Amino acid sequence: MVKYILYISTLLILSGCVKPYLEHTQEHQLTINNDNKSFNIPITNQKKHKFNYAVSDGFTLSEKTFHLEYIELRSGYDWAGLADGYYQDLLRKRIKGLKKVSHEVVDLADIFLFTKDGKYFYLVTLYGGSSNTFIIDYTGDIVTKIVGKDKYIAKSEQFDTRFEESMIDNDIIAHYFKSNDGSEQDGVLP
């Protein structure tokens, strides 16, 4: 029993020392912490905060070169399935004929390359405890920083339609979230 308590205590202390994968504490930048290195992503537009019964903090951010959705679930709530699978389903519903080209995992990031009609974009999903971040990277700039090698998309091959959907907004129809006891709350605040 003592061994178990020491193990849990050590984990709690160490987890407090780990930087979150995505930090959004500064007004005009986001920070991604990746494999002992950090990089900033400048932002010019305002975050659009989203509200939902299962979400403690959520927002979307649409910039010229990327679209981001951040979702942190409340204590007592989980995803009703795989978060990145739900996001890919939402993409496919809104962008007909979309095809996945590749998938790679780097640190805590899943990176998917998608194409439609010879145009490309990346979907990056970042995991951080109770939070998930989904980034559509139209230029490859964010993916290049995460991976540490050139993953840029040529300007002539960049996807020109901008995606501005939100999973939080679509939850009322899709039921992405559930309480830990398995029941759906359907928009009722706890």
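## Exercises: strand β11, its sheet and helix α4

Asn132 is buried, at 8% relative accessible area (buried means under 20%, exposed over 50%, partly exposed in between, with a 1.4 Å probe and protein chains only). This is a predicted model, where local features need pLDDT of at least 70, side-chain atom pairs count only at pLDDT 80 or more, and totals for chains, interfaces and linings use all residues. Residues are numbered from 1 along each chain as its sequence is written, and side-chain values use heavy atoms, leaving out hydrogens and water.

**Exercise 1. Describe the surroundings of Asn132.**

Step 1. Place the residue. Asn132 is found in strand β11 (helices, H or I, of at least four residues and strands, E, of at least two are DSSP runs numbered from the N terminus).

Step 2. List the contacts, meaning heavy atoms within 4.5 Å. Leaving aside residues up to four places away in sequence, Asn132 touches Glu69, Tyr70, Ile71, Trp79, Ala83, Leu126 and Tyr127.

Step 3. Find the polar contact (a pair of N or O atoms within 3.5 Å; within protein, one must be able to donate a hydrogen and the other to accept it, and residues adjacent in sequence count only if both atoms are side-chain atoms). The side chains of Asn132 and Trp79 make one, at 2.9 Å.

Step 4. Check Thr133, also in β11. Thr133 counts as buried because its relative accessibility is 2%.

**Exercise 2. Place β11 in its sheet.**

Step 1. Trace the order. Seven strands form an open, antiparallel sheet: β4-β5-β6-β11-β10-β9-β8. Two strands pair if DSSP finds at least two bridges between them.

Step 2. Mark the edges. β4 (48–49) and β8 (99–106) each pair on one side only.

Step 3. Inspect one pairing. β10 (residues 119–128) and β11 are antiparallel over seven bridges. Tyr122 has Asp137 of β11 as its bridge partner.

Step 4. Add the helix. α4 packs on the sheet and touches β5, β6 and β11. Its direction makes about 60 degrees with that of β6.

**Exercise 3. Which residues of α4 are buried, and which are exposed on the other side?**

Step 1. In α4 (residues 167–174), the buried residues are Met167, Ile168, Asn170 and Asp171. They lie on the same side of α4 because they cover an arc of only 150 degrees around the axis.

Step 2. Ile172 and Ile173 are exposed on the other side of α4.

Step 3. Look at the ends. Ser166 caps the N-terminal end: a side-chain oxygen lies 3.2 Å from the backbone nitrogen of Ile168. Just after α4, His175 takes a positive phi of about 55 degrees.

Technical notes:
Arc of directions from axis to C-beta. Axes fitted to C-alpha atoms, helices over the stretch in contact; angles between N-to-C directions.
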